[in-house]
Amino acid sequence: MLNAFVSEAAGETPSLLLPALPDLIWGSLAFLVVFVFLIWKALPRLNAALDARADAIEGGLKRAEEAQAGAQEALEQYNTQLAEARAAAAGIRDQAREDAKTIRAELVEAAHAEAARVLTNAQTQIEAERMSALASLRAEVGALAIDLASGVIGENLNDKRSNDIVDRFIADLEASESAAAKAKA
Amino acid sequence: MFAGTPFELNRVMLIRLLVVAVLILIFWLNTRKMKLVPTRGQAAFEFITGFVRDNIVIGTLGEKDGKRFMPILMTIFFVTIGMNLTGVIPGLQIAGTSVIGLPLIMSAIAYVLFIYAGVRKFGLRYFKNALILPGLNPIMAGFLAVLEFLSTFILRPVTLTLRLLMNMVAGHMLLVLCFVATDFFFFTVLADGNPLGLLGVGTFAFGLAFTVLELFVAALQAYVITILAAIYIQMALAEEH
């Protein structure tokens with residue numbers, strides 16, 4: 001029974017160790033077909049797929065690095081621009097402060113000048129009015145002195161009389177003043 | 001089929017042709033649309049091919065030489081494992097490698113490959129490197145040269161062939177023995193009313209266990225023949241012995 005299995009296992013050759021010609025031929029053919037197919041199709045495709053994957057992974061890493069570098073650059077650029085803008089803003093603020101100071105100084109000066117001018121005008125006016133008051137007062141005092149003198153000359157000069165004259169003069173003066181006030185009214 | 005001619009096809013030869021067809025189908029389908037992000041099937045396929053490629057070939061020979069010998073070593077691995085597995089596939093149940101032809105061919109290929117690799121790299125100095133150990137007196141060196149010659153150029157291909165062949169033949173015979181015994185106990189002994197026929201339960205259990213073992217052996221022998229071929233090439237390429 002066992003012999004039958006052995007001969008079956010040996011492909012119906014009497015010896016297990018001596019190859020039969022069909023065995024060698026079909027064995028070689030089987031090996032060659034698989035070998036050729038692996039070289040021709042399977043391995044190139046497999047290698048291409050593996051290479052593509054490696055490439056994708058490396059490429060992805062490279063792209064990520066590039067993106068990071070780009071972001072870094074943008075950040076630096078932004079920081080630079082921010083610093084520039086801050087400097088510009090500070091410059092503008094200083095300029096404005098400077099301008100404000102100048103404007104205030106000009107305004108103050110102008111105000112001072114105006115005040116001085118107004119003061120001068122007022123003084124001039126007051127002087128003019130004082131002059132005119134002085135002139136009219138002089139004229140009036142003259143007239144009063146003449147009136148008084150003529151009154152004094154026209155009467156006897158005793159104490160009682162001079163007093164009377166003075167009183168009368170004052171009364172006349174008051175009367176003429178009130179008359180003038182009445183005439184005005 | 002073609003009986004009496006050199007192209008005579010018996011059961012094992014037909015099984016070999018079937019294995020070739022299945023291998024080509026597997027490789028064709030799995031490499032047809034390979035994606036950058038693998039599907040489950042592609043990941044499994046890449047795991048197996050990656051194991052042969054990286055662990056066996058490149059692991060032994062290094063990146064550069066590994067790529068040179070990749071196609072032939074991969075073919076040895078996949079032909080061997082495919083042919084071995086038919087030993088346990090129901091309906092086929094005999095390994096394509098359990099007839100001496102195919103193991104012999106693959107051993108011959110490995111033999112030619114490692115001699116080719118050595119001669120290609122060192123010229124005729126390869127044989128001197130392989131046979132003569134440096135730093136010995138001439139008598140010892142001559143004696144060792146004979147031993148080296150026997151081990152490298154005669155025993156290597158013979159062991160490579162017989163290891164694979166005998167593993168498959170023995171496995172096949174074990175399985176046949178177990179299942180024929182089961183058949184005999186159940187349908188002859190037990191059918192006659194003899195309770196000794198219940199021994200068939202035991203032989204069937206052994207048959208199942210050996211089937212599982214054969215699966216393992218099939219993969220192991222494919223690994224062994226491939227890595228030995230790779231190691232022989234690597235030794236031929238090595239600068240020193």
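Q: Which residues have the most contacts inside the largest nonpolar core?
A: Keep in mind that this is a predicted model. Its largest nonpolar core holds 60 residues. Both chains feed into it: H2 of chain A contributes two or more residues, and so do H1, H2, H3, H5 and H6 of chain B. The residues with the most contacts inside this core are Leu73(B), Phe77(B), Ala229(B) and Ile233(B).

Q: Which element gives the most residues to this core?
A: The contributors of two or more residues include helix H2 (21-154) of chain A and helix H2 (40-85) of chain B. With 16 residues, the one that gives the most is H2(B).

Q: What does Leu73(B) touch, leaving out residues up to four places away in sequence?
A: Leu73(B) is among the residues with the most contacts inside the core, as is Ala229(B). Ala229(B) also turns up on the list of partners for Leu73(B). In full, that list reads Val57(B), Thr226(B), Ala229(B) and Ala230(B).

Q: Where is the kink in H2(B) centred?
A: Start with the end-to-end span: a straight helix of 46 residues would cover 68 Å at 1.5 Å a residue, but H2(B) spans only 23 Å between its end C-alpha atoms. There's also a kink of about 125° in this helix. The centre of that kink is Gly62(B).

Q: How many residues does H1(B) bring to the side of chain B that touches chain A?
A: The contact uses 33 residues from chain A and 37 residues from chain B. On the chain B side, H1, H2, H3 and H5 each supply at least two residues. H1(B) has the largest share, namely 10 residues.

Q: How do the residues on that side of chain B divide into nonpolar, polar and charged?
A: We're looking at the 37 residues that chain B puts into the contact. They sort into 28 nonpolar, 7 polar and 2 charged.

Q: Is Gln93(B) buried, exposed or partly exposed?
A: Gln93(B) sits in the loop between H2 and H3 of chain B. Its phi is near 50°, a positive value in a residue other than glycine. Buried would take 20 or more other C-beta atoms within 10 Å, and exposed 12 or fewer. Gln93(B) has 16, so it counts as partly exposed.

Q: What distance separates the C-alpha atoms of Arg11(B) and Gly96(B)?
A: Arg11(B) belongs to helix H1 of chain B, and it's partly exposed because it has 14 C-beta neighbours inside 10 Å. Along the chain, Arg11(B) and Gly96(B) are 85 residues apart. Their C-alpha atoms are separated by 9.2 Å.

Q: What share of the residues of chain B counts as buried?
A: Chain B is built with 6 helices and 0 strands. Among its contacts with a separation of 6 or more, 67% join residues 24 or more positions apart. Out of 241 residues in this chain, the buried share is 36%.

Q: What share of the residues of chain A counts as buried?
A: Chain A has 3 helices and 0 strands, which read α-α-α along the sequence. Of its 185 residues, the buried share is 9%.

Q: Which element of chain A has the lowest mean pLDDT?
A: Chain A as a whole has a mean pLDDT of 82, with 85% of its residues at 70 or more. By element, H2(A) has the highest mean, 89. Over residues 9-13 the pLDDT is below 50, though the model gives this stretch 16 contacts beyond near neighbours in sequence. The lowest mean, 48, belongs to helix H1 (residues 2-9) of chain A.

How values were computed: Residues numbered from 1 in each chain as written. Chains lettered and ligands numbered in written order. Predicted model: local features only at pLDDT ≥ 70, side-chain atom pairs only at ≥ 80, totals over all residues. Core = buried A, V, L, I, M, F, W, Y, C linked by C-beta atoms within 7 Å. Helix = DSSP H or I, 4+ residues; strand = E, 2+ residues; numbered from the N terminus. Contact = placed C-beta atoms within 7 Å. Nonpolar A, V, L, I, M, F, W, Y, C, P; charged D, E, K, R; others polar. Expected span 1.5 Å × (residues − 1). Bend = angle between axes of the 7 residues up to and from the residue. pLDDT = per-residue confidence, 0-100.
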